[in-house]
Amino acid sequence: MDIITINHLVKVYNGHKGANGVTAIDGMNLNVEKGEFVGIMGPSGSGKTTLLNILSGVDKATSGEVIIDGQDITKLTKDQMALFRRERIGYIFQDFNLLDSLTLRENIALPLILDKQSPNEIEDKLAPLMQFLGIFDLKDKYPYHISGGQKQRVAAARAIVNEPAVVLADEPTGNLDSKSANQLMSTIASLNEQWGSTILMVSHDPFAASFCKRIIFIKDGNVEMEIRPAGDRKQFFDQILEAQSVIGGGRA
Ligand SMILES: Nc1ncnc2c1ncn2[C@@H]1O[C@H](COP(=O)(O)OP(=O)(O)OP(=O)(O)O)[C@@H](O)[C@H]1O
């Protein structure tokens with residue numbers, strides 16, 4: 001079952017009033033199935049951020065359809081989109097965006113509190129998730145009391161606590177050393193494999209991308225090619241490097 005269906009998506013920046021704008025997305029078609037872990041790669045300027053911004057409703061498509069969990073988000077008003085985003089989309093950001101004045105438990109519960117769920121409902125969702133991620137014993141601590149790796153797991157828990165249709169991750173390993181990047185990607189992969197979350201991740205980093213189950217390479221605002229692992233993760237890493245050498249996609 002598709003959880004994301006993108007049909008003939010076009011995004012032109014500054015194309016109004018007869019001006020020739022910049023075409024960032026150029027008639028893209030793309031499907032993501034429920035439970036997939038998809039990486040989006042491509043050279044600088046190929047349209048990755050624009051695609052993520054449209055999926056998250058930060059930016060409006062110029063034309064085309066973007067159907068997430070049965071809803072064409074291009075048809076939503078600003079307020080409807082804000083609600084849809086809060087209820088149906090989870091995010092993992094580069095800098096985690098945890099709130100220092102809240103405990104870890106409160107940080108994770110925030111989407112549920114905003115959704116006005118009862119304390120019992122919230123507890124029922126939080127406890128198994130925190131246990132799964134190995135952060136249950138830290139629940140009453142504050143972000144400045146815990147390590148970077150633990151912060152990542154709290155951010156991952158917050159991204160999926162309200163069972164979003166899809167989790168969007170934007171360069172999640174961008175600021176991390178290689179050990180932390182490995183830990184974060186293992187956590188994200190376990191959310192996908194064991195918790196069943198659908199994840200779409202934009203990354204320049206072949207190591208991070210090697211945890212994905214499918215990688216879509218975009219170029220000039222369109223899907224150029226896609227690859228799936230032919231063997232283990234090391235082999236997939238080599239496949240990614242090879243694909244990048246064909247179309248470009250390292251940090252320009
Ligand atoms: N707000 C904007 N106004 C005008 N043009 C824009 C805007 N944002 C992006 N663009 C252009 O759209 C194209 C796609 O940009 P985008 O940021 O989506 O690429 P990207 O693949 O995410 O690049 P990077 O890997 O460098 O982050 C580029 O030509 C860029 O210059």
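The radius of gyration here is taken over C-alpha atoms, and the globule rule is 2.2 Å times the number of residues to the power 0.38. Before we start: this is a predicted model, where local features need pLDDT of at least 70, side-chain atom pairs count only at pLDDT 80 or more, and totals for chains, interfaces and linings use all residues. Residues are numbered from 1 along each chain as its sequence is written, and side-chain values use heavy atoms, with hydrogens and water left out.

**Exercise 1. Overall build**

Work out what radius of gyration a compact globule with 252 residues would have, and how the protein compares.

*Solution.*
- Start with the rule: for 252 residues it puts a compact globule near 18 Å.
- Now check the protein: its value is 18 Å, which agrees.
- For the extents, the C-alpha trace spans about 55 × 45 × 35 Å along the principal axes.
- Then look inside: 46% of the 252 residues are buried, meaning under 20% relative accessible area with a 1.4 Å probe, protein chains only.
- Finish with the contacts (heavy atoms within 4.5 Å): of those with a separation of 6 or more, 67% join residues 24 or more positions apart.

**Exercise 2. Placing Asp 100**

Find where Asp 100 lies, then decide why it counts as partly exposed.

*Solution.*
- Locate it: Asp 100 sits in the loop between strand S6 (89–92) and helix H3 (104–114). Helices (H or I, at least four residues) and strands (E, at least two) are DSSP runs, numbered from the N terminus.
- Classify it: Asp 100 counts as partly exposed because its relative accessibility is 49%, and that class runs between the buried limit of 20% and the exposed limit of 50%.
- List its neighbours: leaving out residues up to four places away in sequence, Asp 100 touches Tyr 142, Pro 143 and Tyr 144.
- Step back: the C-alpha atoms of Asp 100 and Ile 216 are separated by 36 Å.

**Exercise 3. Reading the strands**

Trace the order of the four strands in the open sheet and name its edge strands.

*Solution.*
- The order is S2-S1-S4-S5, with antiparallel pairing; two strands pair if DSSP finds at least two bridges between them.
- Strand S2 (22–33) and strand S5 (71–72) are the edges, as each pairs on one side only.
- Zoom in on S5: two bridges link it to strand S4 (residues 63–68), and Asp 72 is the bridge partner of Ile 67.
- Now try S9 (residues 214–219) and S10 (residues 222–227): they run antiparallel, joined by five bridges. Ile 216 has Glu 226 as its bridge partner in S10.
- Last, the turn: this hairpin has two residues between the strands, and Asp 220 takes a positive phi near 50°.
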